Amino acid sequence: MLDRTVRENRFTIAVLFPLVGALALVGSAEGWVPEPFAFHPWFVLFGVLVMRSPLVVGALPAIDRRALGWIGVLIAYTYAIELLGVATGWPYGSFEYTVDLGPMLGGVPVALPVFFIPLVVNAYLLCLLLLGSRASNGWLRLATVIAAVVAMDVVLDPGAVALGFWSFGGGSFYGVPLSNYAGWVVSATVAVVTLDRAFAGTALRDRLRDCEFMLDDMVSFVILWGGINLWYGNLLPAAVAAAFGVGLVRADRFDARLFTPWE
C-alpha cells in the first residue's frame, strides 16, 4: 500500500513539493511571505517529511532489529555532535540556528535526524548504484560515500546560510568556513560505518535494485537546493547539485516522466 501511494504521487512528492518549497523558502527570506507563515516551522517540517517519504518507504522492508539498533546509535550521535557543535563550535565551526526548523531543544531541532540521516542514506545508496560490484570493496565504498556526503553539504550549507537558516558568522565558501567540511568528514565517516553495520546483509541492496522511487528524495534535494543556490548566485553549489542530477541519470534513478505526469 505504501509503495503504491508513493508511486501514484511521485510527481507531487519529488517535483512539486521541492519547487513549492524553494519558492516558499526564498519568499520567506526575501520578505514576500507574510508573518506568521514565513519560515513557519511546522510547514518546513511537513514539507521535509513528505519529500523523505520515498526513501523511508523504500527502506522499510530492509529494516530489521539489527538495523533499528544501529540507526538508534546514529540518531544518538546526530544529537550529540550537533549539541556539541552549537555549544563549542567543534567540529563544524561556530554556528547557530537562526530559524526554528520545527520544535527546538538546546538550540538544535528536535527533528534533526529527519534532516541529517536521509542525506547520508541518499549518498550511500547512490554510491552503491554507481559503484556496482566495486561497492563490495569496503575502503572504496567508505571513501566514495564520505566524498558524496561532503559534496551534498557543499550544496546544502551555502543555500541554508543564504536563506538564513543558520549562520557561521562568516566563512570563505559562500559564508561557510572550511572547518565545517572537515567536521562533515568526521560525521560522514561515523554515519557510513554505522550504515554498513546496520545493513550488513543484502536486503537493502536488493530493495534498492527493485524499488525505482527509492532515490526520489535525492531528486527533491537537487531541485530544492540547486534552485535556491541558483537564486542566490551560488554557482559552484548549484553545479554540484547538477552533478548529483547527472549521477541519478547514470544510476538510472532519474525518471523524466516525473516532469510529465499528464502523459
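What follows is an exchange between a colleague and a modeller about the core, pockets and salt bridges of a predicted model.

The model is predicted, so local features need pLDDT of at least 70 and side-chain atom pairs count only at pLDDT 80 or more, while totals for chains, interfaces and linings use all residues. Residues are numbered from 1 along each chain as its sequence is written, and side-chain values use heavy atoms, with hydrogens and water left out.

Colleague: Which helix gives the most to the largest nonpolar core?

Modeller: A nonpolar core here is a set of buried Ala, Val, Leu, Ile, Met, Phe, Trp, Tyr and Cys residues joined through side-chain atoms within 4.5 Å, where buried means under 20% relative accessible area, exposed over 50% and partly exposed in between, with a 1.4 Å probe and protein chains only. The largest such core has 85 residues, and those with the most contacts inside it are Leu125, Phe165 and Trp225. With 14 residues, the element that gives the most to this core is helix H5 (residues 112–131), helices being DSSP runs of H or I with at least four residues, numbered from the N terminus.

Colleague: What is the volume of the largest pocket?

Modeller: On a 1 Å grid over the protein atoms alone, a pocket is an open set of points where a 1.4 Å probe fits, with protein on both sides within 12 Å along at least five of seven lines, and lining residues have an atom within 4 Å of a point. The lining comprises 47 residues, and the closest to the pocket centre are Val44, Val48, Phe115, Phe165 and Trp225. Taken as the space filled by probe spheres set on grid points joined across faces, edges and corners, the volume is about 910 Å³.

Colleague: Which helix gives the most to the lining of the second largest pocket?

Modeller: This pocket holds about 320 Å³ of space, and among its 18 lining residues Val56, Ile63, Ile71, Ile117 and Val121 lie nearest its centre. Two or more lining residues come from each of H3, H4 and H5. With six residues, the element that gives the most is H5.

Colleague: Which residue meets arginine 10 in a salt bridge?

Modeller: A salt bridge requires a side-chain nitrogen of Lys or Arg within 4 Å of a carboxyl oxygen of Asp or Glu, and by this rule the count comes to seven. Arginine 10 is buried, with a relative accessible area of 10%. Its partner is also buried, with a relative accessible area of 1%, and at 2.8 Å, N to O, that partner is aspartate 216.
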